[in-house]
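User: I have not seen this structure before. Please show me how to read its main features.

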Amino acid sequence: DVNVNHGDKKRVIPALDLHCMSWILGSSAEGVSGALVSGGDGPEDTGGQEEAEKDSPEQNSQKTSAPTGFTVLGGFESKPVHRVLPQWLAEPDVIHRDIKNNLVPISNISGISAQLLKKLQNNGILHFFPVQAEVIPAILESAQQGLLIGRGGYKPRDICVSAPTGSGKTLSFVIPVIQVLMERVVCEVRALAVLPTKELAQQVYKVFTSYAEGTTVKVVMLAGQKSFAAEQASLSEHRRSLADIVVATPGRLVDHINKNSGLCLEQLRFLIIDEADRMIDSMHQSWLSQVVKVVYRSGSGSETTSIFRRTEPAHITAASLSPPQVPLQKLLFSATLTQNPEKLQQLGLHQPRLFSSVHSQSSTTAAAPTTKQDRFDFPQGLTEYYVPCTLSNKPLLILHFILRMKLSPVLCFTNSRENAHRLYLLLELFGGIQVAEFSSRLSPGERKKTLKGFEQGKIQLLISTDAAARGIDINGVKCVVNYDAPQYIRTYIHRVGRTARAGKAGLAFTFLLSVQEKNFLQMVVEAGSPGIQKQMVKPENLKKKLH
Ligand SMILES: Nc1ncnc2c1ncn2[C@@H]1O[C@H](COP(=O)(O)OP(=O)(O)OP(=O)(O)O)[C@@H](O)[C@H]1O
């Protein structure tokens with residue numbers, strides 16, 4: 001047996017392995033170097049190393065070098081092995097971060113009908129934000145040939161978009177999808193947007209319906225807002241589809257697929273996955289594989305001989321190129337899209353194209369190693385602060401922000417619904433401010449009413465769990481307070497992203513106990529925050545009368 005040194009790690013290679021290695025060396029040197037790399041660097045192997053070191057102390061003391069004539073390949077001591085990003089992730093199409101200075105007049109983007117341009121104008125949208133100016137033409141271009149794959153088997157590339165919170169990602173898929181579907185003849189479900197929560201589905205549904213109004217395009221929501229039977233009735237009538245676009249939550253979607261409720265996805269052209277990183281995390285529910293299965297159902301049965309059969313993408317052959325079929329294109333959106341290729345792999349993307357605003361020094365190139373933590377972009381108008389605090393002065397601090405600093409409306413996040421409820425009761429008892437809570441304690445109807453009241457300025461302070469952290473677009477939130485510091489960077493980014501939306505300014509304060517400071521600040525800086533400043537509130541300011 002032999003000890004091989006990998007930098008500061010040692011690995012015992014049994015004599016039998018050495019035999020094998022010299023045999024392999026003769027046939028495939030690459031195989032050996034690969035085996036050694038994974039042996040020395042992979043975290044899975046650490047246990048194995050420790051085991052080996054424990055089991056054979058006398059071997060450890062030997063410090064033997066490789067036998068004469070045997071060369072260890074790879075230069076492990078000087079060259080650590082790094083994972084390299086695939087090119088599409090390492091070199092994205094860049095989206096400008098600065099919204100205000102990169103507005104594009106809506107008429108400059110070709111391919112949008114006069115009817116849609118008019119609607120945009122009526123909704124007060126005269127310019128596209130940078131993400132829209134990049135992504136709308138890309139989606140329109142991918143459907144240039146109509147809804148079918150043309151001769152030659154052209155299949156559009158899937159599109160991934162990583163752009164900050166509040167940068168306008170919703171319209172960047174709503175506009176092109178409506179534009180493409182306006183030209184359809186028969187009503188069939190051709191676009192499916194999947195969102196993680198009821199509230200988000202409702203929000204996206206509203207945007208879709210507002211732009212589909214006056215066209216023949218029909219939008220249906222499957223998010224459990226209505227009874228199952230009512231949703232089923234809205235999908236089809238006498239086997240005729242009543243929906244072009246379906247907006248759904250994964251649970252309800254799978255329910256409709258399993259119960260065969262009349263949701264036909266055999267003509268699905270666009271699969272929109274909003275809040276994509278969260279949706280990847282919920283992949284254990286296997287909603288995506290269920291969708292893909294029903295999309296390609298027509299190609300697997302007895303109708304396979306039909307000219308309009310739809311087959312799952314596989315190797316391209318002359319035969320596979322000839323029949324025209326509808327391609328399924330995936331469109332992914334998130335403010336915190338993972339850069340982890342293994343996670344993205346679960347989505348089965350086809351030649352993906354990434355649009356990202358993550359600034360260049362943080363995005364890794366094919367030659368550079370990936371960093372330990374994903375880096376993201378923050379909205380430009382956001383100013384971040386942390387406020388050192390103690391457990392007992394937190395309630396006084398939040399009152400100080402509202403009553404002294406006059407920062408309302410404030411959206412305040414806690415880490416649990418119990419904490420949200422307790423703080424709500426305490427502040428109600430204190431009196432003098434309009435306060436409400438938002439969590440799963442409330443029914444969907446109550447939640448909707450609360451958000452509306454907050455948006456209308458009837459509520460000064462909304463205390464929420466992470467139920468309102470993602471995607472929710474509440475107009476006029478000036479300030480976000482993390483009453484409880486978030487544990488994960490993604491949670492932080494989505495929470496603070498409820499302010500500083502659409503190029504506006506906003507403030508975010510995070511209350512930090514002294515034990516939390518070091519780790520939290522490190523997490524935020526490593527994620528790419530442009531800077532988080534310290535905001536001290538003097539104890540004497542909290543002692544003065546607040547009313
Ligand atoms: N071109 C535009 N001009 C003016 N306002 C816009 C434009 N595009 C979007 N907005 C507004 O900006 C706000 C944020 O847009 P949107 O909700 O699409 O952001 P997002 O990128 O999806 O954010 P999040 O990641 O938090 O979900 C919305 O209120 C929307 O109406």
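**Reading the chain**

Analyst: Start with the elements: the chain has 21 helices and 21 strands. The model is a predicted one.

User: What share of the residues of the chain count as buried?

Analyst: A residue counts as buried under 20% relative accessible area. Of the chain's 547 residues, 50% fall in that class. The accessible surface of the chain is about 26,400 Å², and carbon and sulfur atoms make up 53% of that surface.

User: How are contacts spread along the sequence?

Analyst: Take the contacts in the chain with a separation of 6 or more: 78% of them are between residues 24 or more positions apart.

User: How do I read burial for a whole helix?

Analyst: Count its buried residues. In helix H13 (residues 287-295), 7 of the 9 residues are buried, so the helix is largely enclosed by the rest of the structure. These are Trp-287, Leu-288, Gln-290, Val-291, Val-292, Val-294 and Val-295.

User: What covers the buried residues of H13?

Analyst: The cover includes strands E7 (191-194) and E12 (270-274), together with helices H11 (250-258) and H12 (276-281).

User: How many residues of helix H16 are buried?

Analyst: H16 (residues 394-404) has 9 of its 11 residues buried, and the helix is mostly covered. Among the buried ones are Lys-394, Pro-395, His-400 and Phe-401. After H16 comes Lys-406, with a positive phi near 50 degrees.

User: Now the ligand. Where does the ligand sit?

Analyst: The ligand is in the largest pocket. Two elements each give two or more residues to the shell around it: strand E5 (127-128) and helix H8 (169-181). H8 supplies the largest share, 3 residues.

User: Which residues come nearest to the ligand?

Analyst: There are 20 residues around the ligand, and His-127, Gly-166, Lys-169, Thr-170 and Asp-473 come nearest. For single atom pairs, look at the distances. A nitrogen atom of the ligand is 2.8 Å from a backbone N or O atom of His-127. The side chain of Thr-170 has an N or O atom 2.7 Å from an oxygen atom of the ligand. Arg-498 has a polar side-chain atom 3.0 Å from a ligand oxygen atom. As for cover, the protein buries 82% of the 630 Å² that the ligand exposes when taken alone.

User: How do I read a single residue, say Thr-338?

Analyst: Find its element, then its accessibility, then its contacts. Thr-338 is in the loop between strand E13 (329-334) and helix H15 (341-345). Is it buried or exposed? Thr-338 counts as buried because its relative accessibility is 5%. A polar atom of the Thr-338 side chain lies 2.9 Å from the backbone nitrogen of Asn-340. Beyond four places in sequence, Thr-338 is in contact with Asp-277, Ile-280, Lys-343, Leu-344, Asp-374 and Arg-490.

User: Can we go through the steps again with Asn-482?

Analyst: Asn-482 lies in strand E19 (residues 479-482). Asn-482 is buried, since its relative accessible area is 0%. Residues that Asn-482 touches, leaving out those up to four places away in sequence, include Phe-413, Tyr-492, Arg-495, Val-496 and Phe-509. With Arg-495, the side chain of Asn-482 makes a polar contact of 3.1 Å. For a distance between C-alpha atoms, take Asn-482 and Pro-164: the two are 318 residues apart along the chain, and their C-alpha atoms are separated by 19 Å.

Methods
Residues are numbered from 1 along each chain as its sequence is written. This is a predicted model: local features need pLDDT of at least 70, side-chain atom pairs count only at pLDDT 80 or more; totals for chains, interfaces and linings use all residues. Side-chain values use heavy atoms; hydrogens and water are left out. Helices (H or I, at least four residues) and strands (E, at least two) are DSSP runs, numbered from the N terminus. Buried means under 20% relative accessible area, exposed over 50%, partly exposed in between (1.4 Å probe, protein chains only). A polar contact is a pair of N or O atoms within 3.5 Å; within protein, one must be able to donate a hydrogen and the other to accept it, and residues adjacent in sequence count only if both atoms are side-chain atoms. Contact means heavy atoms within 4.5 Å. A residue is near a molecule or strand if one of its heavy atoms lies within 4 Å of it. Accessible areas come from the Shrake-Rupley method with a 1.4 Å probe; for residues, only the protein chains shown count as cover. On a 1 Å grid over the protein atoms alone, a cavity is a set of points where a 1.4 Å probe fits but cannot get out, and a pocket is an open set with protein on both sides within 12 Å along at least five of seven lines; lining residues have an atom within 4 Å of a point. A molecule sits in a cavity or pocket if more than half of its atoms lie within 2 Å of its grid points.
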